[in-house]
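This report considers strand pairing, domain arrangement, a helix and a chain–chain contact in the structure shown below.

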Amino acid sequence: MAEQRDATTSLAEAQSSLSGLMTRLRGGMPGGQAGLIGLLVVLVVVFSLFIPGFASVGTLQSFMFQLPLLGLLSLAMVVPLITGGLNLAIIATTNQCALLMVWIMNSLLVPDAGVGATLGVIALAMLAGLALCLVIGLVTGALVAYTGVHPILVTLGTKSLIDGISIYLTRGRALSGVPEILSSTLNGSVFGVPVIFLILIFAAVFVGVVLKRTAFGIACAMIGSNLEATRYSAIDVKRVLVGVYTMSSLTCFVAALVMVATFNSASADYAQSYLLVTILAAVLGGVDPFGGFGTITGLMVALSVLQVISSGFNQFGLSNYLTLAIWGATLIVVVAAQTLKPYLGDIFSLRRRDQQEKSA
Amino acid sequence: MEEEVPFLRLSGLSKRFGGVRALEDIDWDVRPGEVHCLVGENGCGKSTLIKTVAGVHPPSAGTIEIEGKDVLPLDPAKAKALGIQVIFQDLSLFPNLSVAENIAVESHLDGALKPVRTGQMKAIARRVLARLDLTLDLSALVSDLSVAERQIVAIARGLAAQARLIFMDEPTASLTRAEVDRLLAIVARLKADGIAVVFVSHRLDEVVEIAERVTVMRDGRKVGTWPVHEVDQRRIAHLMTGLDIDHAVVARDMSAAPPLLEVRNLSRRGEFADVSFTLRKGEVLGLVGLLGAGRTELALTLFGMSRAEGGEILLDGKPLVLRSNREAVRAGIAYVSEDRLSLGVVLPQSIEDNVNLAVMKGLANRFGLIPPRRRRQLAGEWVKRLAIKIPGLDRPVQTLSGGNQQRVVLAKWLAAAPKLLILDSPTVGVDIKNKQGIYEVVAELAARGVGVLLISDEVSEVFATCDRVLHMRAGRLVGETVPGRISEHEMEERIYA
Amino acid sequence: MPDALSVAGAVPHASDGRAGLTRLRRRPEFWLLLVILIVGALFSALAPGFLSLPNVIDLLETYSVQAVMAMGLFVVLVAGGIDISFAATASVSQYCAALLASQMGLPAPLVILAGLLIGTALGCLNAALIFYLRITSIIATIAMMSVSFSLLMYFSGGRSIYTLPDWWTTRITFFQTETASGDLARITLPIVLMIVVALVTWAMMTRLSVGRQLYAMGGNAEAARRIGVPIARLHFVAYGYLGFTAALAGMLQAHRVGESVPNAFANTELAVLSAAVLGGASLTGGIGTVPGVLLGIVLLAMLQNGLNLLGVSSYFFQIVIGLTILVSTSVTVISSRRGRRLRGIGEASTHG
């Protein structure tokens, strides 16, 4: 009892100090991202005021170049998260796919190959990458669906396995060398918008539509909330789960393309620090870590917030590490605010009264 | 007996939550060593009453006396020290700990750096179990025990904590008859030891056999207390609801209707054997029996969730082999689970998605996309047809009352247009008014030619809705009756014989 | 009547011997030990020197740091939580202690105390986020990991501290013996500390009420609350203890390598988590034992060391870890599910 009272008192205290932020975040969850969009606007305005040159085309362009990799990886994480799972193998999958594609392009391309041959090799490499991701996704999904082992453990295992294979085969070295035609296409822009950003937008719209507008997507959310009840409603839960991890893995293929383009090389240990950031971004965007709820719009807004913080701090001359720290802190504050929100309405009415009655 | 000071006496007890009156002016007493039934519908205030006596909620007015002494203010620790123990329906045990540790939990789960004495714990557990004349493997994990054994552990835990009055919340809900008998024998021993037991239930069940008095509650008030032999189930139902529910027998002779479902010698090892019956179009067929008789298992096999190991199922005269419940739904079979909260609805998700869940795929256009308008229309239509009271289609199902949640489950299956609807205890946790509404839905479906298989624990429910009743015992069909040909009482005798 | 009553207990009692064996067979420790024996026998047959005293000691010392962390993580897992931030906590405590020792020249007891306090405080901060702000433990600790690790990298600029005082880096040997081949086998501080921490953790979790309360909370948090178990305090005990052991492991690691590298613990969290899970600690809480977790660590250590001795590339090791996790968890879950299916019906109806 004492603990409970403590909890509520400190909830009340924390709540009052957060009330300023809360007013802005009100209406943010769930269903809309008003609060997060508000935060985004505030950040942009503050940075524009205090950082000379922040409000410029250059900033916007670098924003659009930097967002896609983290964005695609987050998309790969969000789909399993909505079903109440997790895919810790996304980075490993992406790296392995990138390695495979670069390796194929490196070994099959002779220096003076014609455009046709080059395109053929690129197509072959992409096909191989796609096939690899498909296999990884199917296997992971089957393990999750048919063994019933918690996805954290399954994907911890597959992550270790995939990383191990990549490291073993490459001896930890990076493979570099991407055909000019591929890297210039992917690094190019259409009407000033980077191609990789367009890829992200396309992937996000696709995943968003699948989640919101298809039987598969709705089943994902239902499974995330109650797997057994969904199974009793004649939904093929196992097939949906296999589909979820396959979709996650195929998103990694797209991420691998972007990665190959941005780094012009591939390695088993690129982007490893992004793994947990993708979970942060998803939760920040309103995805319920226990499954059942989450929107792609929310995720995209959250990613933008993170990226704006990063760009702003970079231009302010602060290190990348500090950015990561601020990202973590942002998450804690926003999630705490979300947690406290339901208490807000009745904390002064119901809860208080309840406490008074209990202590009376 | 009458001169005796009651163990517990409540006088003028009231409890308000904000503007809501949960308990209103309750005068009630429990005698030492008495077995007492406290019955009332869900939400009548019986849980609040227990929690108030257990010190969880302070009363807004009135007094609580134990052995003639006013004990207010009360907190959970004090209530326990005074000998009041509550065994909740979920039993509140620790599945990962041993039997001994669960029983002796109060003696070693205080302080922080107190040494744990396994020998002492086992001694306590053994002593308590000896008082009950029971033996249990003390080092077995609770997760390995059956429900009945877990209940014994929970009772033993109460005894180990020096209980003088034990509240048991719906104790027989998940026990078989043999297990109920064992429970009643244990309660008889407690009684002999001078420990009072209060059974809390939403109906008058098997426990009345050894109870002395029954108290009925309605809308936060005590309706009255009677010696148990002066009341019966029908009177209690009336007292609990204030409604005079007319359980007129509706049985029709459906033998001329074409057969819909024919089950021949269906068997599944350890669950049911040699089950044969015919269900006709538009017929409502009851299936009664004790818990563990194999009724739910039979239903799950008909719904394709488990495979029959012998025999055959014919639907519309055609043999049916079901590999999954998806095939069952495609064939026109729907199943409403007995466990609404964990298997019937997806509580946190929207009413709209819950209603559409079973037919979601069919809503998609040729691109595989489901237009939002179509989802809304379909769900809205079913909500209207089943008169579900909802705050909004996009609200989570958990905001609805039990009766309306059950209607959402019905809507989900009716949207799939089944030929055969299997209802497994569809009115558990549904108040009497809503029960009537569900019976009306069943009658309407039957009138439209849907075959209904109704599994139920309540003979009155089966008699009020079914054309024929099958009786299942220990996995086999042992009898068939037509309601009205024998009385409800006779039927009950047969089931519990 | 007594006849009818004894039915409840009759089943487990009648077959006590068999029940004991079944229970043993269901323990992950039993299987782990079996696997370890098989793997050990295999390696000692293939790689002479695998079972030699110096090699075994070396193996233990290499994994002592992870073992100390695993003890703390085990407590958190039993309590029903999870912590991803402990490796970052170890780095922060280690680096701060190293700064205090090398820059300010504080004496040993103060430095150690400060390091342990920092670790414990970071653990308690996690507990506060999880208990008071109700942030899911995995999310809270991922966020805390980003915050504390990034701040460390920012303020340290990624620079290592090589000037640790002698008292810190001097090897402390408790016992040493010369083997027949003339190699020295030393029982050093890391091994002793590992044993001490394991014993303390074991005693706390099995012999003290606080440990049983942690098991109870992990098994059924709601029931624990109902019978008055101090849930808030237990959160602080579990996460605080993990912070404490992480700090200890951090300083121990600096002791072994003789320097403080800010990112020395990169990716350690998942390795330690794998070992704990391999050792039978459940992610859903309430289940796991100290010997089990230690065996998990030993298995991973043996695999790495044995493959090394066999001349298999160390790069291959991660593949083995991955396969081990996948196989062991699948086998455990599938075998326990087979047992459960028999009682499935009874279970399902308890939801009623």
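In chain B of this predicted model, strand β14 (residues 310–315) and strand β15 (residues 318–320) run antiparallel and are joined by three bridges. Strands and helices are DSSP runs numbered from the N terminus (E, at least two residues, for strands; H or I, at least four, for helices), and two strands pair if DSSP finds at least two bridges between them. B:Leu314 has B:Pro319 of β15(B) as its bridge partner. The two strands form a hairpin with two residues between them, and B:Asp316 in the turn has a positive phi of about 55°. On β14(B) there is a further antiparallel pairing, with strand β11 (residues 259–268) of chain B, made through five bridges; here B:Glu312 is the partner of B:Arg264.

The model is predicted, with local features requiring pLDDT of at least 70 and side-chain atom pairs pLDDT 80 or more, while totals for chains, interfaces and linings use all residues. Residues are numbered from 1 along each chain as its sequence is written, and chains are lettered from A and ligands numbered from 1 in the order in which they are written.

An automatic or database domain assignment divides chain B into domain 1 (8–241) and domain 2 (259–496). Their centres, taken over C-alpha atoms, are separated by 34 Å. Nine residues of domain 1 touch nine residues of domain 2, where contact requires C-beta atoms, placed from the backbone, within 7 Å. Helix α8 (residues 233–241) of chain B gives the largest share of the domain 1 side, three residues.

Chain C contacts chain A through 42 residues, against 44 residues from chain A. Elements giving two or more residues to the chain C side include α6 (108–131), α12 (231–257) and α15 (317–349) of chain C.

Helix α5 (residues 86–102) of chain C has 17 residues, and its end C-alpha atoms are 24 Å apart, in agreement with the 24 Å expected at 1.5 Å a residue; the expected span is 1.5 Å times one less than the number of residues. Because 14 of those 17 residues are buried, α5(C) is largely enclosed by the rest of the structure. Buried means 20 or more other C-beta atoms, placed from the backbone, within 10 Å of the residue's own.

In chain A, the unreviewed UniProt entry annotates several spans as "transmembrane region", among them the two tabulated here; such annotations may be inferred rather than shown by experiment.

| Span of chain A | Helix | Strand | End C-alpha separation |
|---|---|---|---|
| Residues 63–82 | 100% helix | 0% strand | 27 Å |
| Residues 88–109 | 86% helix | 0% strand | 33 Å |

Technical notes: Two residues are in contact if their C-beta atoms, placed from the backbone, lie within 7 Å. A residue is buried if 20 or more other C-beta atoms lie within 10 Å of its own, exposed if 12 or fewer, and partly exposed in between; C-beta atoms are placed from the backbone.
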